[in-house]
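Here are my notes on your chain, set out as numbered points. Please keep the viewer open as you read, and look up each residue as it comes up.

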Amino acid sequence: MGGEILPAGAAGDDDVVLSWEGRGVLAVRLPQLADSLDHILAALERAHGMPLADLDRKTKQSVVRGLEARGAFSVRHGVETVASALGVSRFTVYNYINYAAEQRAKEQADGGATARDR
């Protein structure tokens, strides 16, 4: 995730201080959400063994689905960042997001029908 470990005395207001027996031992500085998105994208590239832009369309759609589930698009400029990493337009990313929502709705509807038919 890209956090940084600091001495407890160097902790800022947004840092998390870890204590042992009531005494601050060290602090963890968490990255900004935008930095976390960069780390997530880099991890996805490592997992796929290639730049995300080189993935096929179906795999890119899967990547967008996973990123959406992780809240990647709530980050400012998240869509733009992901679009750049995937080598597609923002419009394409929005299409992938909408497609994923349609698929979820269809699965829920199909699941509901199956349960009613039993």
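1. A word on terms and origin. Helices (H or I, at least four residues) and strands (E, at least two) are DSSP runs, numbered from the N terminus. This is a predicted model, in which local features need pLDDT of at least 70 and side-chain atom pairs count only at pLDDT 80 or more, while totals for chains, interfaces and linings use all residues. Residues are numbered from 1 along each chain as its sequence is written, and side-chain values use heavy atoms, with hydrogens and water left out.

2. The overall plan. The chain holds four helices and three strands, and along the sequence they follow the pattern β-β-β-α-α-α-α. Of the 118 residues, 25% are buried, where buried means under 20% relative accessible area, exposed means over 50%, and partly exposed lies in between (1.4 Å probe, protein chains only). About 8,100 Å² of the chain is exposed, and carbon and sulfur atoms supply 51% of that area; accessible areas come from the Shrake-Rupley method with a 1.4 Å probe, and for residues only the protein chains shown count as cover.

3. Contacts along the chain. Contact here means heavy atoms within 4.5 Å. Among contacts with a separation of 6 or more, 41% are between residues 24 or more positions apart.

4. The sheet. In what order do the three strands of the open sheet lie? The order is S1-S3-S2, with antiparallel pairing. Strand S1 (4-7) and strand S2 (16-20) are the edge strands, each pairing on one side only. From one strand to the next, the twist averages 30°; the axes behind such angles are lines fitted to C-alpha atoms (for helices over the stretch in contact), and the angles run from 0 to 180 degrees between N-to-C directions.

5. How the strands pair. Two strands count as paired if DSSP finds at least two bridges between them. S2 and S3 run antiparallel and are joined by five bridges, whereas S1 and S3, also antiparallel, pair over four bridges. Alanine 27 in S3 is a good residue to click on: valine 17 stands opposite alanine 27, and leucine 6 has alanine 27 as its bridge partner. Elsewhere in S3, glycine 24 stands opposite serine 19.

6. The hairpin. Two residues lie between the strands in the hairpin of S2 and S3, and there glutamate 21 takes a positive phi near 50°. Most residues other than glycine have a negative phi. Glutamate 21 is not a glycine, so do have a look at this spot. Is glutamate 21 buried or exposed? Glutamate 21 counts as exposed because its relative accessibility is 74%.

7. A second positive phi. Histidine 77, also a residue other than glycine, has a positive phi near 65°. Histidine 77 is found in the loop between H2 and helix H3 (78-86). With a relative accessible area of 44%, histidine 77 is partly exposed.

8. A nonpolar patch. Which residues form a nonpolar patch on the surface? They are Val16, Leu18 and Leu30, with about 240 Å² of accessible area together. Patches are made of residues with over 30% relative accessible area and no salt bridge (a side-chain nitrogen of Lys or Arg within 4 Å of a carboxyl oxygen of Asp or Glu). Like charges are joined within 9 Å, and nonpolar side chains (Val, Leu, Ile, Met, Phe, Trp, Tyr) within 5 Å. Leucine 30 sits in the loop between strand S3 (23-29) and helix H1 (33-48), and leucine 30 is partly exposed at a relative accessible area of 45%.

9. Two places to check around H2. Glutamine 61 lies in helix H2 (residues 57-69) and counts as buried because its relative accessible area is 10%. Leaving aside residues up to four places away in sequence, glutamine 61 touches Tyr96 and Tyr99. Aspartate 54, in the loop between H1 and H2, is exposed, with a relative accessible area of 53%. Aspartate 54 and leucine 86 are 32 residues apart in sequence, with 7.7 Å between them in space, C-alpha to C-alpha.
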